[in-house]
Amino acid sequence: MFLIELGHYGLWAAYALALFSAAASVWGGLHKRPELVAAGRNAAIAVFWLVSAASASLIVLLMTRDYRVEYVVSVVNNNLNAFYRFSSFWGGQEGSLLLWLLLLCVFSFIVLRQNRHRNLELMPYVTATLMVTAAFFMTILNFVTPPFDTLANLPLDGRGLNPLLQDWGMVIHPPNLFLGYVGFAVPFAFCVGALVSGKLDSAWISTTRRWTLMAWFFNGIGIMLGGAWAYRELGWGGYWAWDPVENASLMPFIMGTAFLHSVMIQEKRGMLKVWNVSLIIATYALTLFGTFLTRSGIISSVHAFANSSFGWVFLAYIAVTLIVGFGLLIWRLPLLKSEHEMESFFSREASFLLNNVVLVGITFAVFWGTMFPVISEAVKGVKVTVGPPFFNQVIVPIGLLLMLLAGVSPLLAWRRASTKVIRKNLTYPVVVALVTLAALVTLGVRHVFAVLAFALAVFMVASVVLEYHRGISARRRHQGDGIFAAAWELTMRNKRRFGGYIIHFSMALIFIGIAASSAYQQVGEVRLSVGESFAMNGMRFKYEGIRQERVPQYQSAFARLAVYRNGARLGELEAEKRLYFTPPQPTTEAGIRYGLTEDIYAVFSDVDEDGSATFKFMVNPLINWIWAGGLVFTLGAIVCFLPERWGRRRRRTKVSGARAETGAGTEVGA
Amino acid sequence: MNVNRIKFLIAGAVLLSAFLFLFLSAFQSENLSYFLTVDEIADKGQSLSGRGIRVEGKIVPDSFSRNSEAMRISFTLQGENSVLPVKYTGVPPDLIENGFPVIAEGKINGQGVLVAKNLMVACPSKFTEMKDAGEKVPDAADHLKLIDSAALIKDQAKN
């Protein structure tokens with residue numbers, strides 16, 4: 001009983017303390033009362049401990065299957081193993097909101113520790129912003145979806161975690177996405193701090209550079225894990241369907257990408273200050289909006305999370321965030337004057353600005369398409385939905401423009417690039433891209449968008465290779481390093497710039513994978529008796545029979561398939577159908593033969609008494625390039641994140657190293 | 001206002017109009033589907049033919065039929081005062097028979113049947129809602145049919 005009480009009252013005490021912390025911090029900051037600021041700070045730290053204790057209680061209750069608690073009953077059952085009992089912490093509405101709150105409190109705690117003696121003018125408002133957010137989530141947790149409510153009658157078994165969520169991809173997908181969503185609260189809080197205190201230099205940006213990067217990285221990798229899960233688990237052979245819930249996670253990522261690039265201009269050139277503030281307010285609002293969209297049921301989604309009644313609370317909070325954020329921005333406009341003017345189209349600044357406009361354009365298109373049912377109902381009284389074709393038609397061309405910019409930007413100098421330099425920098429990547437284009441068309445690749453995407457991806461890679469090549473040659477000339485040593489040193493001495501290039505490279509891989517798998521996917525659906533085969537473009541699938549397995553949670557039927565290409569046997573494939581016992585529900589585990597050039601994908605749909613079964617077969621070209629891109633993306637983000645000095649060799653001479661580092665370079669992060 | 005700024009404004013205007021064009025041109029009828037309830041479809045009848053429709057509803061119990069040979073399924077969606085027959089060819093989603101709401105996208109044919117191009121199941125992540133709503137949570141036995149038939153095949157294979 002103790003744990004339930006601890007969680008329940010802990011959350012109420014934390015709620016009161018968070019409100020107190022916010023009020024004391026703001027009051028103390030405005031009236032220069034350090035003791036109040038300190039009280040606000042301590043209260044925020046207490047909130048962290050209380051929320052941690054509540055979360056730990058819930059985890060213990062789940063691990064020990066304490067069926068007195070309603071939430072435990074709804075997500076756990078007698079058969080569920082320890083791994084999934086732990087992950088069911090975020091398997092339902094209440095728990096996932098508590099995880100959100102927990103992450104926010106952990107981040108607040110770290111921010112407070114890091115800034116004990118730094119950013120003192122900003123900190124009271126940073127604390128207040130974070131604690132208001134925490135209080136908002138506790139409003140929901142305490143009033144609408146309390147995780148520690150108990151049941152009157154003790155059930156013998158729980159209802160269990162949704163079988164679709166019993167998969168490692170779904171276990172780590174939500175926490176990743178949440179780390180991203182919640183992470184953006186930190187730069188937002190510092191932005192509010194800067195606006196209120198009037199200390200509007202780039203300190204708020206440089207302090208939160210790693211936070212922004214972390215949030216952005218986890219948001220991105222969370223999206224990718226969701227896609228990978230859908231691909232393996234849902235049996236439709238795709239990874240992205242422009243479903244509202246997916247769009248909800250994409251929007252803050254794209255807006256965050258814009259922010260990540262444009263803050264560099266403020267750091268280097270003191271420009272775009274108003275724009276940066278607007279971007280982070282919008283990004284943060286989009287993370288809230290994403291949470292709202294997934295839980296409110298306002299838009300019909302396949303993902304249909306628990307349809308809950310707190311939609312309006314959320315909308316109100318988003319409205320308050322936007323009004324306060326943009327209100328402060330307007331109030332501080334006189335302090336946000338740009339220090340320089342744009343000088344030329346052919347400058348790093350201008351290309352970044354263009355990239356920003358493109359990214360905001362994509363976000364807007366996604367937002368409009370997602371919200372269209374609501375908008376059209378409000379305007380015309382009919383709910384009209386736009387499907388994937390709408391998104392593809394709008395976003396593919398803009399995306400191609402974005403790829404072009406990603407290739408060009410790093411090669412342009414700040415302020416103004418002379419025609420000579422532009423020619424010198426762009427000749428090689430442009431030639432490589434054009435050769436690729438010509439080669440693909442000659443080889444018979446006729447899908448217009450796919451060909452363009454491949455050529456532009458090659459262009460992006462060429463621009464990264466060119467930058468690496470120059471830096472490496474310079475180091476080899478001046479330091480006498482070997483190739484690998486030079487590449488390592490170059491990266492470690494310019495982590496933000498070359499980490500950014502690695503991320504550009506990963507994006508090229510991902511775009512290639514997306515273009516190939518969406519333009520050239522082959523699908524066949526067929527009914528086969530045991531021993532029969534199905535042929536599709538040189539591939540042949542032979543259905544060899546059924547095999548069964550039983551584990552405590554579910555029973556499986558595997559359809560055994562032999563796969564041939566042009567008559568040669570490639571190997572075996574087993575497509576699985578599972579039937580979970582509690583809750584009783586079938587799931588599909590696609591049989592996938594992964595490959596560098598293509599995935600062979602089989603879904604086993606159903607089977608009759610006579611053994612004839614229905615299958616869906618697919619060949620998905622280059623789809624693994626997307627996941628490989630995810631790994632490279634992770635690597636690039638780690639490079640950007642590493643401490644400044646990490647991994648460098650001690651300097652041999654004072655002058656030498658500098659040369660390679662002063663070229664036209666870009667950097668990721670603030 | 002200096003020349004430079006004018007240049008940037010013009011460039012911005014060109015870019016925005018390009019976006020706008022892209023945007024508006026994507027709002028073609030084949031990309032749109034009207035979100036209607038079963039009753040609204042019954043009211044509007046033939047006027048809907050040729051239009052994309054998206055409808056969400058529960059399947060009328062026992063209306064589900066499956067022609068495995070032809071890979072066709074058909075069922076009826078329940079409205080307040082009317083019902084809507086739906087046909088689909090292909091591999092249906094796993095949970096189609098579990099009693100969850102179904103989302104069907106397609107067009108109405110001459111017989112007033114929705115020929116679905118897309119079929120999805122809106123499955124709640126929690127089963128509480130279903131129990132609260134007093135609906136029948138699917139019985140384990142319902143779903144063991146498939147396993148039984150699979151077992152049968154295995155036995156036959158042994159013999």
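Q: Two strands pair if DSSP finds at least two bridges between them; in what order do the four strands of the open sheet in chain A run?
A: This is a predicted model, and the pairing in this sheet is antiparallel. β2 (522-528) and β8 (591-593) of chain A stand at the edges with a single partner strand each, so one side of each has no neighbour in the sheet. The twist from one strand to the next averages 15°. Reading across, then, the order is β2-β10-β9-β8.

Q: Which residue is the bridge partner of A:Glu525 in β10(A)?
A: β10 of chain A covers residues 613-621 and runs antiparallel to β2(A), with seven bridges joining the two. A:Glu525 is matched across that pairing with A:Lys616.

Q: What is the strand order in the open sheet of five strands in chain A?
A: Here too the pairing is antiparallel, and the twist averages 25° from one strand to the next. β3 (533-536) and β7 of chain A pair on one side only, which puts them at the edges. From one edge to the other, the order is β3-β4-β5-β6-β7.

Q: Which residue in β6(A) stands opposite A:Phe558?
A: Strand β5 of chain A spans residues 554-565 and pairs with β6(A) in the antiparallel sense, over 12 bridges. Across from A:Phe558 you'll find A:Glu576.

Q: How many residues lie between β6(A) and β7(A) in their hairpin?
A: β6 (residues 568-580) and β7 of chain A run antiparallel, joined by five bridges. In that pairing, A:Lys577 stands opposite A:Thr588. As for the link between the two strands of the hairpin, the count is four residues.

Q: How many residues of strand β7 (residues 585-589) of chain A are buried?
A: β7 of chain A is an edge strand, with a partner on one side only. Even so, β7(A) is mostly covered, and the buried count out of its five residues is four.

Q: How many residues does the largest nonpolar core have?
A: Among the residues with the most contacts inside this core are A:Val47, A:Leu101 and A:Ala457. Past its neighbours within four places in sequence, A:Leu101 is in contact with A:Val51, A:Ala134, A:Phe137, A:Met138 and A:Leu141. Another core lies apart, with 23 residues, including A:Phe541, A:Tyr601, A:Phe604 and A:Met618. The largest one has 207 residues.

Q: At what angle do helix α10 (residues 209-233) and helix α20 (residues 624-641) of chain A pack?
A: Their axes are 11 Å apart. The contact involves residues including A:Leu213, A:Phe217 and A:Ile221 of α10(A), and A:Trp627, A:Phe633 and A:Phe641 of α20(A). An angle over 145 degrees counts as roughly antiparallel, and that's how α10(A) sits relative to α20(A). The value itself is about 170°.

Q: Is A:Val408 buried or exposed?
A: A:Val408 lies in helix α15 (residues 388-408) of chain A. Its C-alpha atom is 10.0 Å from that of A:Phe352, which is 56 residues away along the chain. The cut-off for burial is 20 or more other C-beta atoms within 10 Å. A:Val408 has 22 such neighbours, so the verdict is buried.

Q: Over which residues of chain A does pLDDT stay under 50?
A: Chain A averages a pLDDT of 90, and 94% of the residues score at least 70. The stretch in question has 46 contacts beyond four places in sequence in the model, and it covers residues 653-670.

Technical notes
Residues numbered from 1 in each chain as written. Chains lettered and ligands numbered in written order. Predicted model: local features only at pLDDT ≥ 70, side-chain atom pairs only at ≥ 80, totals over all residues. Pairing = 2+ DSSP bridges. Axes fitted to C-alpha atoms, helices over the stretch in contact; angles between N-to-C directions. pLDDT = per-residue confidence, 0-100. Contact = placed C-beta atoms within 7 Å. Buried ≥ 20, exposed ≤ 12 C-beta atoms within 10 Å, placed from the backbone. Core = buried A, V, L, I, M, F, W, Y, C linked by C-beta atoms within 7 Å. Parallel < 35°, antiparallel > 145°, perpendicular 65-115°, else oblique.
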